[in-house]
Amino acid sequence: MSANLAASLAAKNESALISASNLTCIREERLLFDQLTIEINAGDIVQVEGPNGSGKTSLLRILAGLSQPYEGDIFYKNQLITQTREEFHQNLLYLGHLSGVKGEMTAQENLNFNLTLHGLHMNASEIEKTLAEVNLTGFEDSLASHLSAGQHRRISLARLYKSTADIWILDEPFTAIDKQGVYSLEQLFKAHIKQGGCVILTTHQDLLTFSPSQIKKITLDYLIE
Amino acid sequence: MSIANLSYHAVFYLVLKRDLTIAMRHKDDIINPLLFFVIVVTLFPLGIGPESQILSRIAPGIIWVAALLSTLLSLDRLFKSDHSDGSLEQMLLSPQPVFILVLAKIVAHWLITGLPLILIAPLLAVLLHLNEQSYGALILTLLLGTPVLSLLGAIGVALTVGIKKGGVLLSLLVLPLYIPVLIFATSAIDTAALGLPYSGQIAIIAALFFGSLTLSPFAVGAALKVSTN
């Protein structure tokens, strides 16, 4: 399908924050999803569902622009993401399976680097406060290699508390996070969608503090049909 | 907290500082390639014998081949650990231009592996009875040539970073690209030993340096996008 035609289709809904038209993804000669069209507006929380291997991570990576779909286009505010790379990346926060935390750097250095790279400057006390939000008080100066898997994830999730991005794409954000941590993350998602952002996530846990009607679901079950 | 567009300079400095911090805390990255370089060079006099004439004849080749191999040994670190812990994809998803990020990482790699080689090379040249007139040429070729090794090598690493056992493939990809540097560098040192001007060879290495400096970050950026796909 030509990009122009896709653009005109996507333009039907002016308010869509991120949309995808006719996405097809093939991995290892297996069709994961076919002609998937998605529209995500400000204030949406979207849960991508499906069994293991159904293409949840592939879909999130494609939406973030990390992977190329076999077919189809992704739009940020009705513009192709490849044409608005800088603006799109400024408004995107993607956290994948891997935490992106360097073992050789301290918790504070890791967070500081990640924030600065994404254009957010903070002084040391603000960084400390942000780490306190994710229960890492006292670990600011510990090398990340000395911390647990859950704490690694907390370092990368700490970015959410300071993010100015509209679009949050989170791949299994609750992995290795304790119950209290999950609760506070859900509160954070609520505040974020209230402010006009959107959250796209995969999780095998239920979102406890959201009513089912609040959550939009994308179910990937192409393999099972 | 403030939101600001970082200047290219600030982004470059940020990534450079990060990579150097990591290297300083993970000293193997600096010591291993250097130790490899020293050991390879010192093995030659032991194997060939102490005749100064033979050694001084082959010294430029030995030093340069050892420099190539030790750079190759260290190349893997350039993107591999960032790829395996996910920080590479975070960098690619940042609003900063990829070529600046890549250039900063390559410069950090050269400072960690190339610069120590240059500092220790004169010492090893003494060991190999390198002709006294050649020292200037040796340092000059290393100064211009080792950045080329890092710049061209980065393309190979970026292409193979997603492959589990890419080591052999990396050397197959990268070593042929190193041949021009090797030829002109050793030729410059040989020419200097005869007391002749070697500016022609230096000019060619300089051209290789500037060519790869301007083009390689873009190639690396494109290769990384393919590798993280």
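# A walk through the two chains

Me: Happy to start with chain B: at which residue does α3(B) bend by about 50°?
Reply: Keep in mind that this is a predicted model. A proline, B:Pro60, follows the bend within four residues. The residue where α3(B) bends by about 50° is B:Ile58.

Me: And how far does helix α3 of chain B reach from its first C-alpha to its last?
Reply: The helix covers residues 52–75 of chain B, which makes 24 residues. The expected span at 1.5 Å a residue is 34 Å, and the model comes close to that. From first C-alpha to last, α3 of chain B reaches 33 Å.

Me: Staying in chain B, is B:Ile100 buried or exposed?
Reply: B:Ile100 sits in helix α6, residues 98–127 of chain B. Leaving out residues up to four places away in sequence, B:Ile100 touches B:Tyr8, B:Val11 and B:Phe12. Within 10 Å there are 20 other C-beta atoms, and 20 or more is the cut-off, so B:Ile100 counts as buried.

Me: Good. How far apart are the C-alpha atoms of B:Ile100 and B:Pro180?
Reply: Along the chain, B:Ile100 and B:Pro180 are 80 residues apart. In space, the separation of their C-alpha atoms is 26 Å.

Me: Now to chain A, please. Which strands stand at the edges of the five-stranded open sheet?
Reply: The order in this sheet of chain A is β6-β8-β9-β3-β10, and the pairing is parallel. Two of these strands each have a single partner, so one side of each is left without a neighbour in the sheet. The edge strands are β6 (92–95) and β10 (215–219) of chain A.

Me: What does the twist average from one strand to the next in that sheet, and which helix packs on the sheet?
Reply: The twist averages 15° from one strand to the next. The packing helix touches β3, β6, β8 and β9 of chain A, and its direction makes about 150° with that of β8(A). That helix, residues 56–64 of chain A, is α2.

Me: Within that sheet, which residue of β9(A) stands opposite A:Gln47?
Reply: Strand β3 (residues 45–49) and strand β9 (residues 198–202) of chain A pair in the parallel sense over four bridges. Opposite A:Gln47 in β9(A) stands A:Leu201.

Me: There is a four-stranded open sheet too; which strands are at its edges?
Reply: Its order is β2-β1-β4-β5 in chain A, with antiparallel pairing. Each edge strand has a single partner, so one side of each lacks a neighbour in the sheet. The edges are β2 (30–41) and β5 (79–80) of chain A.

Me: What is the bridge partner of A:Phe75 in β5(A)?
Reply: Strand β4 (residues 71–76) of chain A pairs with β5(A) in the antiparallel sense, over two bridges. Here the bridge partner of A:Phe75 is A:Leu80.

Me: Which residue in the turn between β1(A) and β2(A) has a positive phi?
Reply: β1(A) and β2(A) form a hairpin with two residues between them, and the two strands pair over eight bridges. The residue is not a glycine, yet its phi is about 50°. With 5 C-beta neighbours inside 10 Å, it counts as exposed. The residue is A:Glu28.

Me: A:Ala176 has a positive phi as well; in which loop does A:Ala176 lie?
Reply: The phi of A:Ala176 is about 65°, although A:Ala176 is not a glycine. With 14 C-beta neighbours inside 10 Å, A:Ala176 counts as partly exposed. Its loop is the one between β8 and α7 (179–194) of chain A.

Me: Is A:Ile127 buried or exposed?
Reply: A:Ile127 lies in helix α5 (residues 124–133) of chain A. Not counting residues up to four places away in sequence, A:Ile127 touches A:Gln108, A:Leu111, A:Asn112 and A:Met122. With 21 other C-beta atoms within 10 Å, A:Ile127 is buried.

Me: Finally, which element gives the largest share of the side of chain A that touches chain B?
Reply: In total, 29 residues of chain A are in contact with 24 residues of chain B. The elements giving two or more residues to this side of chain A are α3 (85–90), β6, α4 (107–117) and β7 (120–121). The residues on this side divide into 11 nonpolar, 13 polar and five charged. The largest share, four residues, comes from α4(A).

Conventions. Residues numbered from 1 in each chain as written. Chains lettered and ligands numbered in written order. Predicted model: local features only at pLDDT ≥ 70, side-chain atom pairs only at ≥ 80, totals over all residues. Expected span 1.5 Å × (residues − 1). Bend = angle between axes of the 7 residues up to and from the residue. Pairing = 2+ DSSP bridges. Axes fitted to C-alpha atoms, helices over the stretch in contact; angles between N-to-C directions. Contact = placed C-beta atoms within 7 Å. Buried ≥ 20, exposed ≤ 12 C-beta atoms within 10 Å, placed from the backbone. Nonpolar A, V, L, I, M, F, W, Y, C, P; charged D, E, K, R; others polar.
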